[in-house]
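Visitor: I am new to this structure and should be grateful for a close look at a single part of it. Please begin from the view below.

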Amino acid sequence: RNTVEQRGPAHRKALAFLAMLAIGLGSTACDFLDPTNVDNPRTTDEDLAQAEEPTAALVPGLEAQFARLVNTTIVATECASDNYQINGTGIDNTWDSPEDITPQVANSTGTSTGVYWNAQELKALANFLIDDIIPDDETATAEDIALAHYYRGMAFLILGENFSFAPLEEDGQPVPASQILALAVADLNLATGGGSTMGLAAQAALARAYRWQGEASLAASAANQVLSSDPEFLFQQGTDANSIDNSGYWFLVGRALQEMQPLPKMDFLDPKYLNRDDDIAVAKAEEMHLILAEVALAASQYSAAKGHLGDAIRLAKSRPTIQWVDEDARSNADLTIRPRDASIQ
């Protein structure tokens with residue numbers, strides 16, 4: 001229950017603003033806030049109410065927390081799904097055996113494997129903006145409101161994808177993933193309107209959420225809307241080398257231990273990120289083709305499914321590639337070299 005919401009209203013609201021400051025508004029911060037009435041280092045919701053454009057000031061904080069959530073989701077799910085095996089001390093090796101994961105492991109506050117905490121943190125920050133700030137902010141634009149709903153929708157989606165149950169309010173009982181996914185759908189639908197720059201990303205996330213719900217026709221409809229709008233759609237969350245860098249890079253390339261090692265038959269996946277400031281793909285057209293293929297398979301439409309899979313492969317092969325000399329020794333945990341004979345090529 002270690003979320004911002006569950007530390008008390010005043011502390012929650014103070015942290016919501018401090019999180020915004022931490023992401024690097026830098027020299028632009030003074031454009032948003034007049035600190036005249038701040039008598040101590042703690043900024044409160046009353047101070048925020050005096051900001052000229054409080055919604056615009058806080059939306060970048062949501063994006064920053066979303067970047068952290070994307071980071072930790074990548075690392076945790078790659079290990080839990082066995083795309084990668086943990087080889088080293090930088091990641092708790094219980095992620096290799098999901099049945100052994102404890103609340104303490106998933107609830108860490110870092111951007112490596114704290115997927116639960118970071119999702120709850122994003123949800124709490126978005127709640128503060130949507131429930132406490134936007135209703136009284138006449139300067140809130142349709143774009144910023146849509147962005148707030150997108151980020152909260154993604155927090156719900158990632159919680160619902162990765163956890164069977166989770167509490168959503170202070171001292172609340174855990175609710176099932178089905179209810180959390182329904183909340184994701186509601187927010188993501190709100191994020192598709194208003195000409196939002198995140199409209200297609202929200203539509204792609206809807207396809208993903210409907211798939212989890214087993215809503216085949218709705219998932220197919222959302223996926224087709226993305227593809228008809230942009231057949232090569234790609235949405236990536238940016239990172240940088242100064243504040244929020246790419247966690248996957250460090251565990252694949254940057255650190256000497258290279259803790260994330262692909263299983264031998266998955267070697268072609270490695271490495272996905274070559275630089276500490278590489279962007280991370282959140283949604284793309286290939287996923288829409290795969291969702292359509294799954295919908296077709298569920299309906300025993302095998303020829304149509306084969307066509308969708310072919311579309312996904314052709315699109316993936318058309319993406320830019322980078323040449324890179326892979327000097328990773330592919331060591332096992334005991335530093336022996338992994339097999340490289342013909343049987344596993």
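Visitor: Which element supplies the largest share of the lining of the second largest pocket?

Guide: The model shown here is predicted. The element in question is α4, from which three residues of that lining come, the largest share. Two further helices, α5 (103-106) and α6 (115-133), also each supply at least two residues of the lining of this pocket. The second largest pocket holds about 300 Å³ of space. Its lining consists of 14 residues, and those nearest the centre are Thr102, Pro103, Ala106, Tyr116 and Phe163. By class, nine residues of this lining are nonpolar, four are polar and one is charged.

Helix α4, which spans residues 54-80, has a part in the largest pocket as well, where it supplies at least two residues of the lining. The volume of that pocket is about 2300 Å³. Its lining has 42 residues, and the closest to the centre are Glu78, Lys272, Tyr273, Ala281 and Lys284. Other elements that each supply at least two residues to the lining of the largest pocket include α7 (142-162), α9 (199-213), β4 (234-237) and β6 (280-284). This lining has 22 nonpolar, seven polar and 13 charged residues.

Helix α9, one of the contributors to the largest pocket, also contains Arg208. Arg208 counts as buried because its relative accessibility is 15%, which is under the 20% limit for that term. Beyond its neighbours within four places in sequence, Arg208 is in contact with Met154, Leu157, Ile158, Glu161, Val282, Glu287 and Ile291.

From Arg208 one may pass to the nonpolar interior. The largest nonpolar core has 80 residues, and Phe66, Trp95 and Tyr150 have the most contacts inside it. When neighbours within four places in sequence are left aside, Tyr150 is in contact with Phe66, Leu188, Ala191, Met198, Ala201, Ala202, Phe235 and Val282. Val282 thus appears among the contacts of Tyr150 and among those of Arg208.

Helix α4 also leads to α11 (247-254), since the buried residues of α11 pack against α4, β1 (84-86) and β5 (260-262). Those buried residues are Ser247, Gly248, Tyr249, Phe251, Leu252 and Val253. Because six of the eight residues of α11 are buried, this helix is largely enclosed by the rest of the structure.

Just ahead of α11 comes Asn246, in the loop between β4 and α11. Asn246 caps the N-terminal end of α11, with a side-chain oxygen 2.9 Å from the backbone nitrogen of Gly248. The side chain of Asn246 also reaches the backbone nitrogen of Tyr249, at 3.0 Å. Asn246 counts as buried because its relative accessibility is 0%. Apart from neighbours within four places in sequence, Asn246 is in contact with Asn71, Thr239, Tyr273, Asn275, Arg276, Asp278, Asp279 and Ile280. One of these, Tyr273, is also among the lining residues closest to the centre of the largest pocket.

To place these parts in the whole, the protein chain has 13 helices and six strands. Of its 345 residues, 48% are buried. Among contacts with a separation of 6 or more, 69% join residues 24 or more positions apart.

Terms used: Residues are numbered from 1 along each chain as its sequence is written. This is a predicted model: local features need pLDDT of at least 70, side-chain atom pairs count only at pLDDT 80 or more; totals for chains, interfaces and linings use all residues. Side-chain values use heavy atoms; hydrogens and water are left out. A nonpolar core is a set of buried Ala, Val, Leu, Ile, Met, Phe, Trp, Tyr and Cys residues joined through side-chain atoms within 4.5 Å. Buried means under 20% relative accessible area, exposed over 50%, partly exposed in between (1.4 Å probe, protein chains only). Contact means heavy atoms within 4.5 Å. On a 1 Å grid over the protein atoms alone, a cavity is a set of points where a 1.4 Å probe fits but cannot get out, and a pocket is an open set with protein on both sides within 12 Å along at least five of seven lines; lining residues have an atom within 4 Å of a point. Grid points are joined across faces, edges and corners, and a volume is the space filled by probe spheres set on the points. Helices (H or I, at least four residues) and strands (E, at least two) are DSSP runs, numbered from the N terminus. Ala, Val, Leu, Ile, Met, Phe, Trp, Tyr, Cys and Pro count as nonpolar, Asp, Glu, Lys and Arg as charged, and the others, Gly among them, as polar. A polar contact is a pair of N or O atoms within 3.5 Å; within protein, one must be able to donate a hydrogen and the other to accept it, and residues adjacent in sequence count only if both atoms are side-chain atoms.
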